[in-house]
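Colleague: Hi! Could you walk me through this one while I have it open?

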Amino acid sequence: MAVHHRHRRRHRHLPRPPLRPPGCHATGAAARHGRVAPAGGEARSTIVPDAHGGNLDIPEIRPGTTVYLGVNVPGALFAIGDGHARQGQGELCGVAVETAMNVTLAVDLIKGMTTPWPRIETDHRIVSVGAARPLEDAYRISQHDLVTWTAQLVGLDLLDAYQLVSQAGRAAPGNVCDPLYTMHAALNQAVLAGASSYDGMHQRLRRITEATR
């Protein structure tokens, strides 16, 4: 599932977006919580980030980004929330500049593709997110996912993609206050030799959201 942010503005109520399974793009401040239902029929608190999304608190989830989430149940049960007008790189105390907001999203379903952990795409980079405790486990998850994603995109052997991410990637924390911590690993699009993620979904969703302005 892909979700693209187009526009957010402060408002008294946060409307629920249309419920279609994964691919989504949005625009304005940002909702740092985006999730689908967990696998295995599990009930999870919305504050817990994990492979299904949740309270990721990643600053890269902002207007103009596309978030990819794997679908675990029929209908996905996609939801968003936790609007931040501003957040530092690594939410330290559990509170950003919290705000209510209106959010415009484009959501689409990507069939036949696996997204094991939340992924983010912007015009300039691809990002993999890991969630775990201790923090180094979240780091390993995010790096492993970015390496495998890069290998698939560019057609590299895993060891070559491993070296590329090691030399050109960057890593940063999301939250360090929730039941599970988040780390993200990012790689600039410039080193991907023009490769397109998810058959160009980010670009398609961007066009849809821009048309609604």
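Modeller: Happy to. This is a predicted model. A good place to start is Asp 199, which sits in the loop between strand 12 and helix 3.

Colleague: Is Asp 199 buried or exposed there?

Modeller: Asp 199 is exposed, because its relative accessibility is 57%, and the cut-off for exposed is over 50%. Its backbone deserves a look too: Asp 199 has a positive phi of about 55°, although it is not a glycine.

Colleague: Why would I care about the sign of phi?

Modeller: Most residues other than glycine have a negative phi. Tyr 198 is also not a glycine, and has a positive phi of about 50°.

Colleague: Where is Tyr 198, and is it buried or exposed?

Modeller: Tyr 198 is in the loop between strand 12 and helix 3, which covers residues 201-210. Tyr 198 counts as buried because its relative accessibility is 7%, with the limit for buried set at under 20%.

Colleague: What about peptide bonds, where is there a cis one?

Modeller: Between Arg 133 and Pro 134, where omega is about 0°. Pro 134 belongs to the loop between strand 10 and helix 1. For background, most peptide bonds are trans.

Colleague: OK, on to helix 1. What span should it have, and what does the model give?

Modeller: Helix 1 runs over residues 135-154, which is 20 residues, so at 1.5 Å a residue it should span 28 Å. Its end C-alpha atoms are 29 Å apart, which agrees. After the helix comes Gly 155, with a positive phi near 80°.

Colleague: And which residues of helix 1 are buried?

Modeller: Among them are Ala 138, Ser 142, Gln 143, Asp 145, Leu 146 and Val 147, and further along Thr 148, Trp 149, Thr 150, Ala 151 and Leu 153.

Colleague: What do those buried residues pack against?

Modeller: Four strands and a helix are listed by name: strand 9 (119-121), strand 10 (125-132), strand 11 (170-173), strand 12 (181-188) and helix 2 (158-168).

Colleague: How do helix 1 and helix 2 sit relative to each other?

Modeller: They pack at an angle of about 120°, with their axes 8 Å apart. That angle makes helix 1 oblique to helix 2, because angles over 115 degrees and not over 145 fall outside the perpendicular and antiparallel ranges. Helix 1 passes helix 2 in a right-handed crossing.

Colleague: Which residues make that contact?

Modeller: From helix 1, Gln 143, Leu 146, Val 147, Thr 148, Thr 150 and Ala 151. Helix 2 supplies Leu 158, Ala 161, Tyr 162, Leu 164 and Val 165. By type, the contact divides into 8 nonpolar, 3 polar and no charged residues.

Colleague: Let's pick on Thr 150. Is it buried or exposed?

Modeller: Thr 150, in helix 1, counts as buried because its relative accessibility is 0%. Leaving out residues up to four places away in sequence, Thr 150 touches Ala 161, Leu 164 and Val 165, along with Ile 126, Gly 155, Leu 187 and Leu 192. Its C-alpha atom is separated by 8.6 Å from that of Tyr 162, 12 residues apart along the chain.

Colleague: And Trp 149, which residues does it touch?

Modeller: Not counting residues up to four places away in sequence, Trp 149 touches Arg 119, Ile 120, Ile 126, Val 127, Ser 128, Ser 197 and Tyr 198. So the Tyr 198 we discussed is a contact of Trp 149. Trp 149 is buried, with a relative accessible area of 2%.

Colleague: Gln 143 is a polar residue in that contact, so what is it in contact with?

Modeller: Beyond its neighbours within four places in sequence, Gln 143 is in contact with Val 165, Ala 171 and Ala 185. Gln 143 and Ala 185 are 42 residues apart in sequence, yet 5.7 Å apart in space, C-alpha to C-alpha. Gln 143 counts as buried at 15% relative accessibility.

Colleague: Last one: where is His 124, and what does it touch?

Modeller: His 124 is in the loop between strand 9 and strand 10, and is exposed, with a relative accessible area of 56%. His 124 touches Leu 187, Asn 188 and Gln 189, not counting residues up to four places away in sequence. His 124 and Asn 188 are 64 residues apart in sequence and 5.8 Å apart in space, C-alpha to C-alpha.

Colleague: Lovely, thanks!

Conventions:
Residues are numbered from 1 along each chain as its sequence is written. This is a predicted model: local features need pLDDT of at least 70, side-chain atom pairs count only at pLDDT 80 or more; totals for chains, interfaces and linings use all residues. Side-chain values use heavy atoms; hydrogens and water are left out. Helices (H or I, at least four residues) and strands (E, at least two) are DSSP runs, numbered from the N terminus. The expected span of a helix is 1.5 Å times one less than its number of residues. Buried means under 20% relative accessible area, exposed over 50%, partly exposed in between (1.4 Å probe, protein chains only). Contact means heavy atoms within 4.5 Å. Axes are lines fitted to C-alpha atoms, for helices over the stretch in contact, and angles run from 0 to 180 degrees between N-to-C directions. Angles under 35 degrees count as roughly parallel, over 145 as roughly antiparallel, 65 to 115 as roughly perpendicular and the rest as oblique. A crossing is left-handed if the near helix is turned anticlockwise from the far one by less than a right angle, and right-handed if clockwise. Ala, Val, Leu, Ile, Met, Phe, Trp, Tyr, Cys and Pro count as nonpolar, Asp, Glu, Lys and Arg as charged, and the others, Gly among them, as polar.
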